[in-house]
Amino acid sequence: MMPRTYRLMHPDELPQVVALVRSARLTWTRPPSVMLVADEAGEIIGCCGLDFEGDAIQLGPLVVAKPYRKTLTAFRLLEAAEAFLAAHGATRYVMACGEKDRGRLAMLERLGAQVYAKHARRLWLLKRIGAAPQEVTHVG
């Protein structure tokens with residue numbers, strides 16, 4: 001496996017990120033304020049958006065290319081997102097998860113996120129930055 005880097009997206013990588021998000025059958029009304037990417041040998045294999053609206057921070061989309069799922073890529077993207085947010089003074093963020101997406105929900109709960117609302121078959125989770133995650137060795 002090639003080394004992966006987790007970093008801010010470069011503007012010229014937007015077409016790759018848009019293709020990745022569309023491959024997950026997601027769409028944007030507008031791109032997030034900040035986009036982090038997982039890069040393996042120059043290929044964008046995952047992304048995590050951060051949207052800032054006043055004091056509120058919403059995380060998403062969080063997408064990992066199919067061949068790289070269950071390799072901790074999403075977990076590492078979330079760690080990178082938290083580090084970025086902490087460096088910018090944030091104390092918490094929210095994210096949505098489909099109520100039937102048990103794998104993603106379990107991963108988010110292992111990170112310390114807690115469900116605080118349910119709306120239209122989506123669970124909304126709150127994550128306080130700095131809350132200790134559970135030990136994770138494999139997400140599946």
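Start at the hairpin of β2 and β3: select alanine 41, which takes a positive phi near 55°. This hairpin has 2 residues between the strands. Helices (H or I, at least four residues) and strands (E, at least two) are DSSP runs, numbered from the N terminus.

The model is predicted: local features need pLDDT of at least 70, side-chain atom pairs count only at pLDDT 80 or more, and totals for chains, interfaces and linings use all residues. Residue numbers run from 1 along each chain as its sequence is written, and side-chain values use heavy atoms, with hydrogens and water left out.

**Stop 1: β2, β3 and β4**

Show β2 (34-40) and β3 (residues 43-53). They pair in the antiparallel sense over 7 bridges; two strands pair if DSSP finds at least two bridges between them. Pick valine 37, and you will find cysteine 47 opposite in β3.

Now add β4 (56-64). β3 and β4 also pair antiparallel, over 7 bridges. Phenylalanine 52 has isoleucine 57 in β4 as its bridge partner. Move to the turn of this hairpin, where glycine 54 has a positive phi of about 65°. There are 2 residues between β3 and β4.

Colour β3 by accessibility. Of its 11 residues, 8 are buried. Buried means under 20% relative accessible area, exposed over 50%, and partly exposed in between (1.4 Å probe, protein chains only).

**Stop 2: salt bridges**

The structure holds 9 salt bridges. The criterion is a side-chain nitrogen of Lys or Arg within 4 Å of a carboxyl oxygen of Asp or Glu.

Select arginine 30 and aspartate 51: their closest N and O atoms are 3.2 Å apart. Arginine 30 sits in the loop between α1 (14-23) and β2, aspartate 51 in β3, and the two are 21 residues apart. Arginine 30 is partly exposed at 42%. Aspartate 51 counts as buried at 15%.

Next, take arginine 7 and glutamate 13, whose side chains meet at 2.5 Å, N to O. Glutamate 13 counts as buried, at 8% relative accessibility. Add Asp39 to the selection: Arg7, Glu13 and Asp39 are linked in a network of salt bridges.

Then go to glutamate 99 and lysine 118, which meet in a salt bridge of 2.8 Å, N to O. Glutamate 99 lies in the loop between β5 and α3 and lysine 118 in strand β6, so the pair ties together parts 19 residues apart in sequence. Glutamate 99 counts as buried at 19%, whereas lysine 118 counts as exposed at 58%.

**Stop 3: β5, β6 and β7**

Show β5 (92-98), β6 (114-119) and β7 (122-128). β5 and β7 run antiparallel, joined by 7 bridges. β6 and β7 pair antiparallel over 5 bridges. Centre on leucine 126 in β7. Valine 94 stands opposite leucine 126, and so does glutamine 114. In the hairpin of β6 and β7, alanine 120 takes a positive phi near 50°.

In a regular strand the side chains alternate between the two faces of the sheet. On β7, Leu123, Leu125 and Lys127 form the covered face. Arg122, Trp124, Leu126 and Arg128 form the uncovered one.

**Stop 4: helix α3**

Finish with α3 (residues 102-110), where Leu105, Met107 and Leu108 are buried. Look down the axis: the buried residues fall within an arc of 160°, so they line one face of the helix. The arc is that of the directions from the helix axis to the C-beta atoms. What covers these residues includes β4, α2 (73-87), β5, β6 and β7, with contact meaning heavy atoms within 4.5 Å. Just after α3, select glycine 112, which takes a positive phi of about 105°.
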